[in-house]
Amino acid sequence: MTVLLLAPSTASELDSLAAAVERHDGEPRRVAIDNWPGAPMSLRADGSIELGDPLGDVTGVYVHTPALFTMDAISLLNGVDLDENAWATLTQLREHRTTFESLIGILADRGATVLPSPGAVRTNRRKPLQLERFRAAGLPVPETLVTTEPATAERFCERHGRVVYKPVAGGAPPAVVTPDDLDEERLAKLRAAPVQFQPFVPGDDLRVYVLDGQIVGGMRYESDRFSFKLDQAAGEDVSVSPLDVDDDLAETARRAADALDVRFGAVDLRRASDGSHTLLEVNQAPAFAGADETAELGVADALAELLVD
């Protein structure tokens, strides 16, 4: 029972999940995707698949870097040079993505469990769509503005006071709007690229892991900054502690994953001092190795059990 694991060679999740797969009597097949595909890849009309060596009976696939499904895969490809020939590079990216998604689709058609699915990843990158689905499901989300209009953004910031902004597709830590951000020249840049704005939500940073509708772990981040993601972006260690996931948090986490049709994800929330909470987002293929080690969650084993069976 082979489980295909695709992740950067530096990702500790690769080691953690491989060890868990072995504990569950599976055979981990690790593929480092720093220079995707990293090994000769062939799909043949007779149904055989080679990724360096022939693939056997694959029961599960885990892609720790959803970038392989997206334009971000440019950073993973061998020999690309956007400056030299942008069109050729984009064509190379298209061919790699098409072949990779075909590989994943073929394995899924043969009964393999694939996490995350290509469709779910696309939803993961579309943060406004995420929030709308959460809102439609009656989940507690912050007021949100995505806009290319400077005046609209300025009024939103005036109304809410302390406001946080971040990329619409994710991929960068949040930042608090400052007076310099509201400068006319800087605001004018919105016309070229939309930005997501939200009122600052006070409280503790929480993360709840959901797998097939079950809560498989939870933790609380501890940071002196307003968001633990700023510590991560700075390359600093983030302290975490185990979280006792109460019924209300568990219900929100499960419903959030269900709203996005996500089998495995990390649900990020803020919990206020009065015990109420706000749903921020759901991340797929999230980091879990550090959480397993420091908060003793056991996420890797839960994943391995699903991928091996």
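In this report, a contact means heavy atoms within 4.5 Å. The structure above is a predicted model, in which local features need pLDDT of at least 70, side-chain atom pairs count only at pLDDT 80 or more, and totals for chains, interfaces and linings use all residues. Residues are numbered from 1 along each chain as its sequence is written, and side-chain values use heavy atoms, with hydrogens and water left out.

**The whole chain**

Welcome to the overall view. The protein chain has ten helices and 16 strands; helices (H or I, at least four residues) and strands (E, at least two) are DSSP runs, numbered from the N terminus. With a radius of gyration of 21 Å, close to the 19 Å that the globule rule gives for 309 residues, the protein chain is as compact as a globular protein of that length. Here the radius of gyration is taken over C-alpha atoms, and the globule rule is 2.2 Å times the number of residues to the power 0.38. The C-alpha trace spans about 60 × 50 × 35 Å along its principal axes.

Of the 309 residues in the protein chain, 46% are buried. Buried means under 20% relative accessible area, exposed over 50%, and partly exposed in between (1.4 Å probe, protein chains only). Among contacts with a separation of 6 or more, 67% link residues 24 or more positions apart.

**A parallel sheet and its helices**

Let us start with an open sheet of four strands, in the order S2-S1-S6-S7, with parallel pairing. Two strands pair if DSSP finds at least two bridges between them. At the edges are strand S2 (27–32) and strand S7 (113–115), each pairing on one side only. On average, neighbouring strands of this sheet are turned by 15° against each other, direction ignored; axes are lines fitted to C-alpha atoms, for helices over the stretch in contact, and angles run from 0 to 180 degrees between N-to-C directions.

Strand S1 (residues 2–7) is joined to S2 by six bridges, and the two run parallel. Thr2, for instance, has Glu27 in S2 as its bridge partner. Helix H1 (residues 12–23) lies across S1, S2 and strand S6 (58–63), at about 165° to S2. Helix H2 also packs on the sheet, where H2 touches S1, S6 and S7, and its direction makes about 140° with that of S6.

**A smaller group of strands**

H2 has a second set of neighbours: H2 lies across S3 and S4, running at about 55° to S3. These strands belong to an open sheet of three, ordered S3-S4-S5, with antiparallel pairing. Strand S3 (41–43) and strand S5 (53–54) stand at the edges with a single partner strand each, so one side of each is left without a neighbour in the sheet. Two bridges join strand S4 (residues 49–51) to S5, and Glu50 stands opposite Pro54 in S5.

**Arg207 and Asp212**

Which residue's side chain makes a polar contact with the side chain of Arg207? The partner is Asp268, at 2.7 Å. A polar contact is a pair of N or O atoms within 3.5 Å; within protein, one must be able to donate a hydrogen and the other to accept it, and residues adjacent in sequence count only if both atoms are side-chain atoms. Arg207 is found in strand S12 (residues 204–211) and counts as buried because its relative accessibility is 7%. Not counting residues up to four places away in sequence, Arg207 touches residues including Met219, Tyr221, Phe228 and Leu243.

Asp212 is in the loop between S12 and strand S13 (214–222). With residues up to four places away in sequence left out, Asp212 touches Arg263 and Leu306. Asp212 and Asp261 are 49 residues apart in sequence, while their C-alpha atoms are 9.7 Å apart in space.

**Four aspartates side by side**

| Residue | Place | Relative accessible area |
|---|---|---|
| Asp25 | loop between H1 and S2 | 65%, exposed |
| Asp109 | helix H2 (residues 86–109) | 72%, exposed |
| Asp212 | loop between S12 and S13 | 39%, partly exposed |
| Asp261 | loop between helix H8 (247–259) and strand S15 (264–271) | 63%, exposed |

**Backbone details**

Most residues other than glycine have a negative phi, and most peptide bonds are trans. Asp25 has a positive phi near 65°, and Asp261 has a positive phi of about 60°. The peptide bond from Leu115 to Pro116 is cis, with omega near -15°. Pro116 itself is found in the loop between S7 and helix H3 (118–125).
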